Amino acid sequence: MNSRTKIAAMACALLITAGAAGSAVASGQGGHAQREAAALTGTAKLYRSAGDDITFSFDAHLAAGHHDNPLKATGTFEWSHYLHGKGARARARVDCLVTGGKVAVVSGVITASDLPGAKGKRVGITVHDLGRHDRLGYSWASVGSPVDTPDLPKCVGSAPFERVKRGTGDYTVVPWEPKL
């Protein structure tokens with residue numbers, strides 16, 4: 001065997017070993033931690049032709065140990081919406097995260113906001129992770145404000161009708177695979 005063939009064989013063996021190790025981590029074999037059951041992360045601005053400055057950020061996770069209970073999700077999400085210097089921002093504590101394929105629905109209770117009456121309200125947001133063309137929808141879409149969505153249940157969002165503004169960020173959805 002010449003040295004070029006030996007190097008190629010060693011590289012192939014390393015790739016096979018790395019692939020097997022990655023599979024073991026994902027499946028929890030060999031004492032390694034399993035991947036989280038679901039996640040929604042990232043920051044991006046929404047596109048609005050009127051020039052609104054709208055940003056949504058997510059750091060929502062469902063741990064592997066809570067695989068069968070999306071109500072055990074943790075994390076936060078926040079958003080802001082300004083136009084001509086007027087608007088508001090809010091931050092919410094995650095109380096549910098459900099993902100399917102590249103779509104995530106996250107809900108949470110607003111813990112901080114400069115929008116009067118928003119603190120303590122539950123909101124829900126849906127994200128469709130389409131690479132550079134992500135979409136987003138929010139529970140208050142039809143009423144205009146999170147303040148106007150009384151008694152919203154956990155894990156409820158809106159169809160992802162808004163588009164992310166090109167070059168402003170990206171969302172990543174880790175798909176949930178419940179044992180059905």
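Colleague: What is the relative accessibility of D53?
Modeller: This is a predicted model, in which local features need pLDDT of at least 70 and side-chain atom pairs count only at pLDDT 80 or more, whereas totals for chains, interfaces and linings use all residues. Residues are numbered from 1 along each chain as its sequence is written, and side-chain values use heavy atoms, with hydrogens and water left out. On the scale used here, buried means under 20% relative accessible area, exposed means over 50%, and partly exposed is what lies in between, with a 1.4 Å probe and protein chains only. D53 falls in the middle class and counts as partly exposed, its relative accessibility being 34%.

Colleague: Which residue forms a salt bridge with D53?
Modeller: A salt bridge requires a side-chain nitrogen of Lys or Arg within 4 Å of a carboxyl oxygen of Asp or Glu. For D53 that condition is met with the closest N and O atoms 2.6 Å apart, and the partner is partly exposed, with a relative accessible area of 30%. The residue that forms this salt bridge with D53 is K45.

Colleague: How far apart are the closest N and O atoms of D52 and R48?
Modeller: D52 is buried, with a relative accessible area of 13%, whereas R48 is partly exposed at 26%. These two residues also belong to a network of salt bridges that includes E162. In the salt bridge between D52 and R48, the distance from N to O is 3.5 Å.

Colleague: How many salt bridges does this rule count?
Modeller: Among them are the pair of D53 with K45 and the pair of D95 with R122, whose side chains meet at 2.7 Å, N to O. By this rule the count of salt bridges comes to seven.

Colleague: In which strands do D95 and R122 lie?
Modeller: Strands are DSSP runs of E with at least two residues, numbered from the N terminus. D95 is buried, with a relative accessible area of 6%, while R122 is partly exposed at 22%. The pair ties together parts that are 27 residues apart in sequence, because D95 and R122 lie, respectively, in strand β4 and strand β6.

Colleague: What is the order of the nine strands in the open sheet?
Modeller: Strands of a sheet pair through backbone hydrogen bonds, either parallel or antiparallel, and here two strands pair if DSSP finds at least two bridges between them. In this open sheet the pairing is antiparallel, and the edge strands, β8 (162-163) and β9 (170-174), each pair on one side only. The order is β8-β7-β6-β5-β4-β3-β2-β1-β9.

Colleague: Which residue in β5 stands opposite L97?
Modeller: Strand β4 (residues 86-100) and strand β5 (residues 103-113) run antiparallel and are joined by 10 bridges. They form a hairpin with two residues between them, where G101 in the turn has a positive phi of about 60°, and G100 stands opposite V103. The residue of β5 that stands opposite L97 is V106.

Colleague: Which residue in β6 is the bridge partner of V106?
Modeller: β5 also runs antiparallel to strand β6 (residues 122-128), with seven bridges joining the two. Across that pairing, the partner of V106 is I125.

Colleague: Which residue does a disulfide join to C96?
Modeller: A disulfide is a pair of cysteine sulfur atoms within 2.5 Å, and a search of the whole structure finds one, with S to S at 1.4 Å. The pair links distant parts of the chain, 59 residues apart, from C96 in strand β4 to the loop between β7 (135-138) and β8. C96 is buried, with a relative accessible area of 0%, whereas its partner counts as partly exposed at 25%. The residue joined to C96 is C155.

Colleague: What value is phi of H84 near?
Modeller: Most residues other than glycine have a negative phi. H84 lies in the loop between β3 (74-83) and β4, and H84 is exposed, with a relative accessible area of 72%. Its phi is nevertheless positive, in a residue other than glycine, and near 55°.

Colleague: Where is the place of D151?
Modeller: D151 has a positive phi near 60° in a residue other than glycine. At 77% relative accessibility D151 counts as exposed. The place of D151 is in the loop between β7 and β8.

Terms used: Helices (H or I, at least four residues) and strands (E, at least two) are DSSP runs, numbered from the N terminus.
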